[in-house]
Amino acid sequence: MFPMFVHTSSYVMCEIFRVSHFHKKRECLFPLKTPWNCSLKPAYVDANDMTEHRKLRFRSTGFNYHKASSQDMDKIESNVADEDCLQDLALSNSYETAMEALSSLITRQKRGSLSSVVDKFEKLDRMRLYLKILDLEEHIADLKIIHVAGTKGKGSTCAFCEGILRECGFRTGLFTSPHLIDVRERFRIDGLDISEDKFLLYFWDCWNRLKEQVTENLPMPPLFQFLTILAFKIFISEQVDVAVIEVGLGGMNDSTNVIKEPIVCGITSLGMDHTELLGNTLGQIASHKAGIFKPQIPAFTVPQLSEAMDVLQEKAHELTVPLKVVAPLDQKKLEGIKLSLSGDHQFSNAGLAVSLCECWLQRTGNWGKVFQNDNQEAHFPEAFLRGLVTARLSGRAQVIHDSSSRSLASGELIFYLDGAHSPESMEACAKWFSSAVQENKILPQLFSSPNDVRCMKEVMGNGYIQRETGSSEGSNKISKKILLFNCMEVRDPQVLLPQLVNTCGSSGTHFSKAIFVPSMSRYNKVTSGASAIPSDTSSRDLSWQFSLQRLWEKIKHGTVADSALDKSSKFDSTMNLPPREFLYEDASRCSPTDGNFACSAVISTLPLTIKWLRNCVRENPTLRVQVLVTGSLHLVGDVLKLLKR
């Protein structure tokens, strides 16, 4: 049982409801900025409900609840009611406080470093203790979980699963990582990010109860463990019918692997990533991923290289797991429509999601209820089609037209965002980008109800799914393809950049320019969509970006660029931007020996880069600039944050 609040600029009061799990929630559209879900009104509210209501109201603003006299509580309740008009501001402040609290749980200062948490418990044992403190351990089995691991595509596969089962009429919960702009992206209920007020209620409830129980041997959980615990808390409290859980890292020792009996498990495409933690061979990595297999629980995977497949099959045999290999989704089943997530590699993820959902429906006894007269083999359910075309996942093969450049006197500025950061994902990104810049993409309209249309308009309005619709004027514009790139230092750009250039080149796609820029976000800080953008760049170290530029020029021009770039790197570019002509001129004019680096530039900050691109496009109405943002999900998230402001 939980309270439902509506916080708006108008004075709208909601009550606390006790609702049977079998009641379906109805959408209530208020004449306000945001639609909210409200439960059906019950016949009564008891004293225990009011006590719990009071507890949660205090916890939503970060305070512990303590017992008090009835008279004192009446005074406090009266004060809370008097302050309803300030609830938006209070929630906002509490949300930033929650972000600071989350940041305190970060135990590694950068990717690849070791956690500072050292205690006598193993990680999964510690997770179980936390869940026991919160009275969640025995309830996890009720979630009817789809558990998905893999190197690439696991987020997309989870998004497809969520979309399919939501369109089948089930209340869905989706836990993915990382988030790009706001931590609430990790927790979706019925296809939408959890609201700020619900997030705060569940966050402070978990935070305060764990804080009361911490000891020297059991400190507060590190960030991802806490977020995983919070996901279980949210999904159990929200009484979802299905929880789709994406593994964070690996599988065997991942925080999500406290799941004892999922309904079904999935393994997406495997490759070389996180080698510092999972091993230097594909077999070692596959062994970690197969760690989510549970005895006799069905599992599905996509075609893998033999080194990985042998390990998966061996692990499945040990646990008597029925493991099936799923082929990519046959495009004929889509009946001419397009997947909402772009790229040929998504057919593999979609095929896996379809099999996982079919198995989930069968094992939970729901297939016959949902599709009473359908022949599973002969007919592809329409609900599955709707799920595949409405699933969303930010920062993966996402196209956004910059709204600031949409005028008759301006050129076009289009961002193609994909957080690829491994050799395999970079190849998929390059193929997608090459295809996307040559075609106009139109999102198909396939909805089951007017409410679906409203939800999709909201999703599109939030910038999650945007597509080119084509323009007769666009064919006359001069196109410039720009790479906006950064990657973490634990990645190998000597593999990533050549993979990108060669794959794009094989499709006839060539970059006019490359811009290297540091990300805004920091590994040791959790921020929200409303957090301030860092403005102090005076001490920004750009040595990594200059090394990326040096590698790019070497790819383009060979060793002749090395000596010239060594001199150029000494030039202080932190206070300078490239001239506008840099964007307009042809790359053939690039001559490293003359110090003319027309192929690349280092810019000190991302906000300056976006502003510079916008100014260039505004001044040249004949220009279409197509910017591929890749190499890091942090960079992609930062660009999305800037474009939304």
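The paragraphs below move from the sheet of this predicted model to a helix that lies across it and then to that helix's contact with another helix.

The sheet is open and has eight strands with mixed pairing, and their order across it is β6-β5-β4-β7-β3-β8-β9-β10. Its edges are formed by β6 (192-193) and β10 (323-325), each of which has a single partner strand, so that one side of each is left without a neighbour in the sheet. Strands of a sheet pair through backbone hydrogen bonds, either parallel or antiparallel. Within this order, strand β4 (residues 172-175) and strand β7 (residues 242-246) run parallel and are joined by four bridges, and Leu174 stands opposite Val244 in β7.

Helix α5, which spans residues 154-167, lies across β3 (145-149), β4, β5 (187-189) and β7, and its direction makes an angle of about 170° with β7.

Helix α5 also packs with helix α11 (residues 346-363), the two axes being 8 Å apart and set at an angle of about 45°. Since angles of 65 to 115 degrees count as roughly perpendicular and those under 35 as roughly parallel, α5 and α11 are therefore oblique to each other, and their crossing is right-handed. On the α5 side the contact is made by Ser156, Thr157, Phe160, Cys161, Ile164 and Leu165, which meet a set of residues in α11 including Gln346, Asn349, Leu352, Leu356, Trp360 and Leu361. Sorted by class, the contact of α5 with α11 has 12 nonpolar and four polar residues, and no charged residues.

Terms used:
Residues numbered from 1 in each chain as written. Predicted model: local features only at pLDDT ≥ 70, side-chain atom pairs only at ≥ 80, totals over all residues. Heavy atoms only, no water. Pairing = 2+ DSSP bridges. Helix = DSSP H or I, 4+ residues; strand = E, 2+ residues; numbered from the N terminus. Contact = heavy atoms within 4.5 Å. Axes fitted to C-alpha atoms, helices over the stretch in contact; angles between N-to-C directions. Parallel < 35°, antiparallel > 145°, perpendicular 65-115°, else oblique. Left-handed = near helix turned anticlockwise from the far one by under 90°. Nonpolar A, V, L, I, M, F, W, Y, C, P; charged D, E, K, R; others polar.
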